[in-house]
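Me: I should like to go through this structure by question and answer, beginning with one arginine. Please reason through each step.

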Amino acid sequence: MSQDAVDLDKSLGYLMKEASSALRAAMEEALRPLGMSVTHYSCLELLAQRPGLSNSELARGAFVTRQSMNVLLQALEREGHVTRPAQAPVGKVLPTRLTPRGRRKLEKASAAVRSVELRMLAGLSESEQSAAFRILRSMIHSLRDGDDGA
């Protein structure tokens, strides 16, 4: 291995990506019987917590493109899980809201996702779980603020 090569067994970034991939796969498996994907679930969860988000805001929150989110929102609208006004009340933004049917779907999905999270955390004590949350938030904060420690 060259001096500049990354040792994947000791790379925190690689390990986090592997954990992220394993979490997503487990969530997709748990959501599949409900006819949902992780992005579908994320969209409904975001709308439950922040009603009226725009397509762009939902796309950012679900880590997908605006085009992908628009396709998903059209499908959710057809299925009766969300509503959007025909015309924007202000500007070009079409605020999206969950319907009662969407809330019921979200309740089932949230239970499925929560079971995955509990499985993921099962080997950690409460203090280890708290430390993991604190450490991950700190890493996110450092990266988003562009703090490279220099």
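Me: Leaving aside its neighbours within four places in sequence, with which residues is Arg 84 in contact?

Reply: The model is a predicted one. In it, Arg 84 belongs to the loop between strand E1 (82-83) and strand E2 (97-98). Once neighbours within four places in sequence are set aside, the residues in contact with Arg 84 are Asn 70, Leu 73, Gln 74, Glu 77, Leu 94, Pro 95 and Thr 96.

Me: Does Arg 84 count as buried or exposed?

Reply: A residue is called buried when its relative accessible area is under 20%. The relative accessibility of Arg 84 is 15%, and therefore Arg 84 counts as buried.

Me: What distance separates the C-alpha atoms of Arg 84 and Arg 97?

Reply: Along the chain, Arg 84 and Arg 97 are 13 residues apart. In space, the separation of their C-alpha atoms is 6.6 Å.

Me: Phe 63 is not a glycine; what is its phi?

Reply: Most residues other than glycine have a negative phi. Phe 63, in the loop between H3 and helix H4 (66-78), is exposed, with a relative accessible area of 70%. Its phi is positive, at about 60 degrees.

Me: What span should helix H1 have at 1.5 Å a residue?

Reply: Helix H1 covers residues 12-31, which is 20 residues. The expected span is 1.5 Å times one less than the number of residues. The end C-alpha atoms of H1 are 28 Å apart, which agrees with the expected span of 28 Å.

Me: Which residues of H1 are buried, and against which helices do they pack?

Reply: The buried residues of H1 are Ala 26, Met 27 and Leu 31. Seen down the axis of H1, they fall within an arc of 130 degrees, so they line one face of the helix. The face turned away from this buried side carries the exposed residues Lys 17 and Glu 29. The buried residues pack against helix H2 (38-49) and helix H5 (100-121).

Me: Which residues lie nearest the centre of the largest pocket?

Reply: The largest pocket has a volume of about 1,900 Å³ and is lined by 39 residues. The elements giving two or more residues to this lining are H1, H2, helix H3 (55-62), H5 and helix H6 (126-144). Nearest the centre of the pocket lie Ser 20, Leu 23, Met 120, Leu 136 and Ile 140.

Me: How many residues of the lining of the largest pocket are nonpolar?

Reply: The lining divides into nonpolar, polar and charged residues. The polar residues number 8 and the charged residues 8, while the nonpolar residues number 23.

Technical notes:
Residues numbered from 1 in each chain as written. Predicted model: local features only at pLDDT ≥ 70, side-chain atom pairs only at ≥ 80, totals over all residues. Heavy atoms only, no water. Helix = DSSP H or I, 4+ residues; strand = E, 2+ residues; numbered from the N terminus. Buried < 20%, exposed > 50% of the residue type's maximum accessible area, 1.4 Å probe, protein only. Arc of directions from axis to C-beta. Contact = heavy atoms within 4.5 Å. 1 Å grid on protein atoms, 1.4 Å probe; cavity = no way out; pocket = protein on both sides within 12 Å on 5 of 7 lines; lining within 4 Å. Points joined across faces, edges and corners; volume = space filled by probe spheres on them. Nonpolar A, V, L, I, M, F, W, Y, C, P; charged D, E, K, R; others polar.
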